[in-house]
Amino acid sequence: MGRTVKPRHKKLLAIVLALAGIGIATALILNAFRSNLVFFFSPTEVAEGKAPTDRAFRIGGLVEDGSVKRQADGLTVSFVVTDTAKSIPVTYKGILPDLFKEGKGVVAEGKLGEDGLFTATQVLAKHDENYMPPEAAHALEQAAKAQNTLVAQ
Amino acid sequence: MNLYAYASPATFYHLAGRLIPWFAWGAGLLTVWGLYVGFFVAPTDFQQSEAYRIIFIHVPAAWMSMFIYLVMAFWGAIGLAFNTRLSFMMARALAPTGAMFTFVALWTGAWWGKPMWGAWWVWDARLTSELILLFLYVGIIALWAAIDDIKRGDRAGSLLTLIGAINVPIIYFSVKWWNTLHQGATIKPSGTSMDAIMLQGMLVMAFAAWFYTIAVALVRVRRIILERERHTEWVKALLAKEI
């Protein structure tokens with residue numbers, strides 16, 4: 001035996017290899033998340049051409065106030081998803097989740113047509129991280145309205 | 001008092017035995033208090049109405065799933081660095097409870113997701129990284145079970161725990177770093193966007209989960225101590241006394 005590895009060096013080597021492994025694993029996970037786990041695209045990102053055109057993807061944003069229209073068949077719904085900068089018209093045939101409301105968050109999965117109409121196969125409601133009793137929500141709403149009237153005057 | 005004395009399994013065995021009833025009773029009382037506040041005192045939510053109440057189980061379970069993992073990684077690191085036997089035993093004693101809380105978080109999340117979002121499961125970053133956490137727990141437990149040599153098993157399992165610890169900040173910040181269907185954090189350094197009585201119920205349940213975890217981990221670590229130290233005089237004397 002010509003060379004023997006000192007135990008101290010062996011331990012150091014093991015630590016370096018382990019750290020390298022952690023680094024590679026992290027990089028791979030983060031990379032996978034970046035390319036696959038962007039759960040939805042905002043209308044602005046879609047307008048910038050970041051969303052895939054050849055396959056289904058998800059768009060997310062707020063349901064524009066006053067945009068929800070139900071068709072005569074009672075199942076088909078059309079609405080507009082907006083991030084306040086850009087917006088996308090969506091049509092969907094199916095049952096909507098309970099929390100689906102104008103002015104609230106929504107995520108729709110489907111395909112964007114060449115005419116700019118997004119045909120959804122699934123619609124999910126995205127709720128926010130605020131929890132309060134209805135009275136408190138009502139009070140906040142009133143306060144916001146009062147603020148608006150003051151500004152308007 | 002010499003705190004290092006408690007790093008000795010024999011001393012710790014007796015200390016744990018005295019602590020268990022306190023934590024077990026504490027867990028029971030806090031659970032009753034927390035569930036009462038959560039289900040009878042806390043008001044209905046303005047947009048999710050009654051369905052939000054699953055938060056009183058879901059959030060403490062999810063917090064514990066991440067926190068227990070970090071504690072396991074801590075004990076694993078101490079064990080690897082100082083070769084202390086008790087640290088590895090603590091890591092092994094915590095793992096099943098961590099896996100259980102991860103499962104509860106995923107399960108109650110599905111129950112919450114179906115009525116609120118409209119889907120049991122989606123592959124968003126928060127849900128996926130929490131699922132990876134469950135796989136990590138199961139993987140670590142399986143690795144320990146697969147290696148017969150206790151010392152080698154301890155080291156391998158703790159190394160895997162340390163490597164997997166990178167997943168915990170990913171879970172926590174996933175809702176911030178990526179677009180997720182899962183909503184953002186309610187409790188933030190900048191303030192809490194939750195009604196005070198709802199928050200009280202959630203925090204009491206979180207403390208209950210802590211007490212429960214400590215109690216069952218101590219019960220488990222006592223078993224592990226007895227098993228590993230069965231050839232020592234003090235365990236033989238103890239067993240002889242009990243028989």
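**Group meeting: chains A and B of a predicted model**

Chain A has three helices and six strands. Please bear in mind throughout that the model is predicted. Read from the N terminus, the elements of chain A follow the order α-α-β-β-β-β-β-β-α.

Chain A is divided into two domains, with domain 1 covering 1-37 and domain 2 covering 43-126. The C-alpha centres of domain 1 of chain A and domain 2 of chain A are 44 Å apart. Of the 153 residues in chain A, 25% are buried. If we take the contacts in chain A between residues at least 6 apart in sequence, 44% of them join residues at least 24 apart.

I turn now to the contact between the chains. How many residues does each chain bring to it? Chain A contributes 30 residues, and chain B contributes 32 residues. On the chain B side, helix H3 (85-116), helix H4 (125-146) and helix H5 (150-164) each supply at least two of the residues that touch chain A. By character, that side of chain B consists of 18 nonpolar, 11 polar and three charged residues.

Helix H5 of chain B merits a closer look. Its 15 residues, at 1.5 Å a residue, should span 21 Å, and the end C-alpha atoms of H5(B) are indeed 21 Å apart, so the two values agree. Which residues of H5(B) are buried? They are Asp154(B), Gly157(B), Ser158(B), Thr161(B) and Gly164(B). Because these residues cover an arc of only 125° around the axis, they lie on the same side of H5(B). Lys151(B) and Arg152(B), by contrast, are exposed on the other side of H5(B). As for their packing partners, the buried residues of H5(B) pack against helix H2 (55-82), H3, H4 and helix H6 (167-177) of chain B.

Finally, the nonpolar cores. The largest nonpolar core has 56 residues, and Met72(B), Met90(B), Leu94(B) and Val221(B) are those with the most contacts inside it. Helix H1 (9-41), H2, H3, H4, H6 and helix H7 (196-228) of chain B each supply at least two residues of this core. What does Met90(B) contact, leaving aside its neighbours within four places in sequence? Met90(B) is in contact with Trp75(B) and with Val221(B), the latter being another of the residues with the most contacts inside the core. There is also a second, separate core of 32 residues, which includes Phe41(A), Val46(A) and Val106(A) together with Ala125(B).

Methods:
Residues are numbered from 1 along each chain as its sequence is written. Chains are lettered from A and ligands numbered from 1 in the order in which they are written. This is a predicted model: local features need pLDDT of at least 70, side-chain atom pairs count only at pLDDT 80 or more; totals for chains, interfaces and linings use all residues. Domain bounds come from an automatic or database domain assignment. Two residues are in contact if their C-beta atoms, placed from the backbone, lie within 7 Å. Helices (H or I, at least four residues) and strands (E, at least two) are DSSP runs, numbered from the N terminus. Ala, Val, Leu, Ile, Met, Phe, Trp, Tyr, Cys and Pro count as nonpolar, Asp, Glu, Lys and Arg as charged, and the others, Gly among them, as polar. The expected span of a helix is 1.5 Å times one less than its number of residues. A residue is buried if 20 or more other C-beta atoms lie within 10 Å of its own, exposed if 12 or fewer, and partly exposed in between; C-beta atoms are placed from the backbone. The arc is that of the directions from the helix axis to the C-beta atoms. A nonpolar core is a set of buried Ala, Val, Leu, Ile, Met, Phe, Trp, Tyr and Cys residues joined through C-beta atoms within 7 Å.
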